[in-house]
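Please walk through this structure with me, one contact at a time. Keep the sequence and the 3D view side by side.

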Number of protein chains: 2
Amino acid sequence: MALAARKMPVQPRAQATVEAILAAAAGILEREGPTRLTTNAVAAQAGVSIGSLYQYFPNKQALTAALIERSSGSLETSVVQAGRDAKTMLFEAGLRLLVRTIVRHQLDRPGLERTLAYEGRRLPVDDGAARRVNVVIRSFLEQHRGRLWGSDINAAADDVQSMTRSLTDASVRRGDRNADLIELRVVRALRGYLCR
Amino acid sequence: MALAARKMPVQPRAQATVEAILAAAAGILEREGPTRLTTNAVAAQAGVSIGSLYQYFPNKQALTAALIERSSGSLETSVVQAGRDAKTMLFEAGLRLLVRTIVRHQLDRPGLERTLAYEGRRLPVDDGAARRVNVVIRSFLEQHRGRLWGSDINAAADDVQSMTRSLTDASVRRGDRNADLIELRVVRALRGYLCR
DNA sequence: ACCTGAACACCGTTCAAGT
DNA sequence: ACCTGAACACCGTTCAAGT
């Protein structure tokens, strides 16, 4: 199953078409969940014909894959900056900054992010941006290796993201979207998890 | 959308039909994911006609809902026992026991459990067993309220499950299914998260 | 009480025809 | 280069007919 975009839009009109398709897909995923994400509904809400959709996306999953890559890309941008800043900070402050960055990203559109995270594990998306996010976190942790519970830094970087996402998600589900409070709780959990 | 079973099988033959349907649904969800869960595929693999399936389940989602309730039911059984035992233990040991119970349950069929957890949030399942699991954890935490970061014990009980599930899941995804090691890491994270 | 499978509406995807 | 919508295979669900 290929997920790559089938063809790049070159004319501005076509770029607008692709934007409208992706915006419609994101909206449907966010409001109604993956079950309601039908190619017909996406095309209708985007105001284009079903044929146009298939000119740029080879199948339905490619829509989700494209949204995943966009989301990872924007997270990468902010995490790379945060990683740079964290380099000059004490462990505690740097961790807090990285966590804040991930929490804010997820709070931007929590329902959409949760769906994308789940779908991303079932689809063979080759998500370079997500890997680079992991690298930034790993570098930060390596810088403070001495404080940490040794063993597997790669796994630790992975778990930093898992825990941040799941605690944010659980918090949103309870109706609490206060970024500062979530950040505080996540950092508390991560300190216990990472440090010896 | 109704998710309740449409009709209870009374004759042994019919009970076998329902069992075969649910076993087929679980197998497909586990091996191929929710996209491949089609009512036709379930009926075919269960060796019954599509009509029989709809005699007991009002729609496709009801299959998933039934699997969720079975899973929660079996978790409830073991968590209730663990909660009883934990009552006489020190905080650290009791927490470890509860965590172990949840980790073991999830490691039993990790792929299936992950799917069910996600689907459970999108479906209006009225999961009494899951609520009772939460109550057991909450009672345990309340017993040690003095040690904890005050505020919201209900949220804390919720987060105990979120963190346990997400760390177990992340670990399995990396290929590490060692229950003891996972338990150790989860308890470390939870101690930092819960205790002041 | 339980089972069956043809029938119908709808969804994913293609393709020939257009500008 | 881009757009359109009829067409086809398949899936969810029903229902009349059976044991």
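What follows covers the two DNA strands and then two helix pairs. The model is predicted.

Begin with DNA strand C. It is surrounded by 25 residues. The closest are A:T39, A:Y54, B:V10, B:Q11 and B:T17. Both chains therefore appear in that list, as the letters A and B show. Of the atoms of DNA strand C that come within 4 Å of the protein, sugar and phosphate account for 72%.

Which atoms reach the phosphates of DNA strand C? From A:T39, a backbone N or O atom lies 2.7 Å from a phosphate oxygen of this strand. From A:Y54, a polar side-chain atom lies 2.7 Å from a phosphate oxygen of DNA strand C. Chain B contributes B:Y56, with a polar side-chain atom 3.1 Å from a phosphate oxygen of DNA strand C.

Now place these contacts on the helices. In chain A, α2 (39-46) and α3 (50-56) each supply at least two residues of the surface near DNA strand C. In chain B, α1 (12-32) and α3 (50-56) each do so too. The largest share, 5 residues, comes from α3(B). By class, the surface near DNA strand C divides into 11 nonpolar, 10 polar and 4 charged residues.

Turn to DNA strand D. Around this strand are 25 residues, and A:Q11, A:T17, B:T39, B:Y54 and B:K60 come nearest. Of the atoms of DNA strand D within 4 Å of the protein, 71% belong to sugar or phosphate. The rest belong to bases.

The phosphates of DNA strand D can be taken residue by residue. A backbone N or O atom of A:Q11 lies 2.7 Å from a phosphate oxygen of DNA strand D. A:S49 places a polar backbone atom 3.0 Å from a phosphate oxygen of this strand. On chain B, an N or O atom in the side chain of B:Y54 is 2.7 Å from a phosphate oxygen of DNA strand D.

Which helices supply the surface near DNA strand D? In chain A, α1 (12-32) and α3 each give at least two residues. In chain B, α2 (39-46) and α3 each give at least two. The largest share, 5 residues, comes from α3(A). The residues of this surface divide into 11 nonpolar, 10 polar and 4 charged.

Leave the DNA and look within chain A. Two packed helices are described by the angle between their axes and the distance between the axes. Helix α4 (residues 60-86) and helix α6 (residues 110-122) of chain A pack at an angle of about 115°, with axes 10 Å apart. That angle makes α4(A) roughly perpendicular to α6(A). The crossing is left-handed. On the α4(A) side, the contact uses A:T64, A:L67, A:I68 and A:S71. They meet A:E113, A:L116, A:E119 and A:G120 in α6(A). By class, this contact has 3 nonpolar, 3 polar and 2 charged residues.

The second pair is α7 (residues 128-143) and α8 (residues 153-173) of chain A. Their axes come within 9 Å and cross at roughly 120°. This crossing is right-handed. From α7(A), the contact is made by A:V133, A:N134, A:I137, A:R138, A:L141 and A:E142. From α8(A) come A:I153, A:N154, A:A156, A:A157, A:D158, A:V160 and A:Q161. The contact of α7(A) with α8(A) has 7 nonpolar, 3 polar and 3 charged residues.

Definitions and conventions: Residues numbered from 1 in each chain as written. Chains lettered and ligands numbered in written order. Predicted model: local features only at pLDDT ≥ 70, side-chain atom pairs only at ≥ 80, totals over all residues. Heavy atoms only, no water. Axes fitted to C-alpha atoms, helices over the stretch in contact; angles between N-to-C directions. Helix = DSSP H or I, 4+ residues; strand = E, 2+ residues; numbered from the N terminus. Parallel < 35°, antiparallel > 145°, perpendicular 65-115°, else oblique. Left-handed = near helix turned anticlockwise from the far one by under 90°. Contact = heavy atoms within 4.5 Å. Nonpolar A, V, L, I, M, F, W, Y, C, P; charged D, E, K, R; others polar. Near = heavy atom within 4 Å. Polar contact = N/O pair within 3.5 Å; in protein donor to acceptor, adjacent residues only side chain to side chain.
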